[in-house]
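Me: I've got this one open on my screen and I'd like a close look at a single part of it. Pick a spot on the inside, please, and work outwards from there in one go.

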Amino acid sequence: MLAQGWISRSNGRFLANTRLLASTSAVTEASPTQGDDEKKQSRKERAKSKRSKFIGMAKAVDRGQFSVTYQPGGPNGKIFQSKSGLPDLSQDFTVLGIESSCDDTGAAVIRSDGKILGEALASQAEIHEEWGGVVPGLAKDAHENELDRVIELALSNANMTLSEIDAIGVTVGPGLEICLRVGNNKARELAMQYAKPFVGVHHLEAHILMARLENPDLEFPFVSLLVSGGHCQILKCMGIGQYSVIGGTLDDSLGEAFDKTARLLGLPVGGGGGPAVESLAKEGNRTAVPLTIPLLQRKDCDFSYAGLKTNTRRAAERIAMERSVDTPAALPRDDKADIAASFQHIAIRHLEQRLDRAIKLMEGEDIKSLALVGGVAANMELRARMETLCKKYGWTLTVPPPRLCTDQGAMSAWATVERLKLGSSDDPSSQDVYARYPFSLPLEKI
């Protein structure tokens with residue numbers, strides 16, 4: 001049985017209907033169905049050809065293939081417009097932020113000085129655990145069921161009403177489109193109903209800016225290592241809306257690799273595969289299972305976790321065979337702990353090598369700060385090793401508290417504050433959502 005939102009696909013053969021006409025020769029006519037199928041196949045081939053141009057290149061980077069990119073400051077990144085008004089910037093103002101990009105429904109009220117006045121979060125961990133991953137349709141339904149309650153709770157915790165809020169922000173991409181739409185529609189409705197300034201928040205920028213909420217002294221420019229369930233990028237951060245990708249993943253994200261390893265070992269993934277692997281890894285020997293560091297011969301800052309994921313699976317299956325058990329999930333806890341520790345060690349070692357190269361590329365530039373952000377930044381082993389790397393080069397590391405690394409409403413609210421302070425707001429009557437929403441700056445030359 002398939003869960004709602006999971007789609008089963010198969011490649012079938014299309015049989016053309018033909019008929020012979022009474023004439024001197026047989027003429028084959030394509031039926032309307034055949035014509036439609038041929039057009040569909042042609043579109044697929046064109047899309048495949050377009051994708052093939054970017055094989056071996058970092059994902060989520062605009063090379064002219066995206067029709068929409070994020071550029072709130074216009075083409076030069078410096079001309080911001082107020083399309084729905086601004087709060088009074090001469091004094092502290094408050095923002096309601098809404099987040100529904102994936103599988104958690106979040107809302108928060110934040111003051112422009114960075115104080116979180118109230119927040120609420122509805123987790124969907126139990127909903128998706130039995131499926132081993134996020135089911136978009138179920139996530140959308142859960143957002144629709146919980147969003148009003150979460151917003152009301154965040155406002156109640158802040159001891160405020162919607163009328164007293166000065167502006168509203170909401171995540172509009174990247175993310176699961178049907179989930180983004182739930183939050184966006186609600187935020188647009190509220191902004192228009194209460195005549196509030198409105199901001200469509202970029203999800204990755206919101207993660208990056210959480211570092212500035214944690215450390216008000218973190219000024220642009222700085223480098224950010226963004227590691228999450230869907231993204232893995234090193235970015236040169238020049239200003240709001242101005243982010244240049246130094247390196248990105250060619251395939252899987254680090255968070256995805258953690259999740260797949262957790263499922264391989266039969267660990268509970270309702271609270272996220274990353275925390276499950278991290279917890280088990282503390283009991284293991286990180287050198288017990290030999291694994292290869294990805295992309296050792298590639299002299300750039302890109303990542304690849306698909307190969308490490310496969311190597312980990314093969315190593316686990318080999319150990320399972322040696323222990324005479326059917327699957328890695330049936331292994332003794334000690335073996336699984338060694339696998340988890342070895343995987344985590346090499347996964348972070350890959351990050352260290354790429355980031356080491358990125359830091360060297362910044363020599364000669366006025367950059368000495370690293371922001372470690374995204375859901376995987378909550379991993380304590382990763383935080384410790386990034387701190388060691390930064391100390392080696394005399395850099396300063398900023399990492400948000402673990403609870404602010406994962407998706408929640410405060411990130412959308414704070415990103416809205418940052419935009420509004422620059423005089424930037426969006427039109428709620430026309431704001432759309434985007435499953436893919438790359439930054440507009442060109443790839444950093446290496």
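Reply: Let's start at the largest cavity, whose lining is made up of Q71, G73, G74, P75, N76, G77, G241, Q242, S440 and L441. Keep in mind as you look that this is a predicted model. The space inside the largest cavity comes to about 50 Å³. The count of cavities of 30 Å³ or more is two. As for the walls, the lining of the largest cavity holds eight polar residues and two nonpolar ones, with no charged residues.

Now hold on to Q71, since it takes us to the next stop. Besides being in the cavity lining, Q71 is among the residues closest to the centre of the second largest pocket, along with P72, K83, D426 and Y437. That pocket has a volume of about 430 Å³, and 21 residues line it. Its lining is a mixed bag: nine polar, seven nonpolar and five charged residues.

Y437 is the residue to follow out of the pocket. Its ring pairs with that of Y70 in an edge-to-face arrangement, with 5.5 Å from centre to centre and 70 degrees between the planes. Y70 sits in the loop between α1 (32–52) and β1 (94–99), while Y437 belongs to the segment after α11 (409–421), so this pair ties together parts that lie 367 residues apart in sequence. Both Y70 and Y437 are buried. The pair isn't on its own, either: ring pairs link Y70 and Y437 with Y243, Y434 and F439 into a cluster. The total for the protein is six aromatic pairs.

Two members of that ring cluster, Y243 and F439, lead on to L235, which touches both of them. Leaving out residues up to four places away in sequence, L235 also touches I208, F222, V223, S224, L226, S244, V245 and I246. We're now in the largest nonpolar core, which has 62 residues. The members that touch the most others there are V95, L96, I151, I208, L235 and Y243. As a rule of thumb, nonpolar side chains in soluble globular proteins tend to be buried together. There is also a second, separate core, this one of 57 residues, with L291, Y305, I319 and L372 among them.

To step away from L235, use F222 and V223, two of its contacts. S369, in strand β9 (residues 369–373), touches F222 and V223 as well, plus L218, W395 and T396, again not counting residues up to four places away in sequence. At 18% relative accessibility, S369 falls under the 20% cut-off and so counts as buried.

W395 then gives you a handle on C390: beyond its sequence neighbours up to four places away, C390 touches W395, L370 and L397. C390 is in helix α10 (residues 380–393) and is buried, with a relative accessible area of 0%. It is 20 residues from L370 in sequence, and their C-alpha atoms are 7.6 Å apart in space.

Helix α10 is also one of the partners of α7, whose buried residues pack against α6 (254–264), α9 (333–361) and α10. Helix α7 (residues 273–281) is mostly covered, with seven of its nine residues buried. Those buried residues are G273, G274, A276, V277, E278, L280 and A281.

One last stop, back in the second core: I319, one of its members, lies in helix α8 (residues 306–322). I319 counts as buried, at 8% relative accessibility. Apart from neighbours within four places in sequence, its contacts are V289, L331, D335 and I339. I319 and I339 are 20 residues apart in sequence, with 9.5 Å between their C-alpha atoms.

Zooming out, the protein has eleven helices and ten strands. Of its 446 residues, 51% count as buried. Pairings across long stretches of chain, like that of Y70 with Y437, fit into a wider picture: among contacts with a separation of 6 or more, 73% are between residues 24 or more positions apart.

Key
Residues are numbered from 1 along each chain as its sequence is written. This is a predicted model: local features need pLDDT of at least 70, side-chain atom pairs count only at pLDDT 80 or more; totals for chains, interfaces and linings use all residues. Side-chain values use heavy atoms; hydrogens and water are left out. On a 1 Å grid over the protein atoms alone, a cavity is a set of points where a 1.4 Å probe fits but cannot get out, and a pocket is an open set with protein on both sides within 12 Å along at least five of seven lines; lining residues have an atom within 4 Å of a point. Grid points are joined across faces, edges and corners, and a volume is the space filled by probe spheres set on the points. Ala, Val, Leu, Ile, Met, Phe, Trp, Tyr, Cys and Pro count as nonpolar, Asp, Glu, Lys and Arg as charged, and the others, Gly among them, as polar. Rings of Phe, Tyr and Trp (its six-membered ring) pair if their centres lie within 6.5 Å; planes under 30 degrees apart count as stacked, over 60 as edge-to-face and the rest as tilted. Helices (H or I, at least four residues) and strands (E, at least two) are DSSP runs, numbered from the N terminus. Buried means under 20% relative accessible area, exposed over 50%, partly exposed in between (1.4 Å probe, protein chains only). A nonpolar core is a set of buried Ala, Val, Leu, Ile, Met, Phe, Trp, Tyr and Cys residues joined through side-chain atoms within 4.5 Å. Contact means heavy atoms within 4.5 Å.
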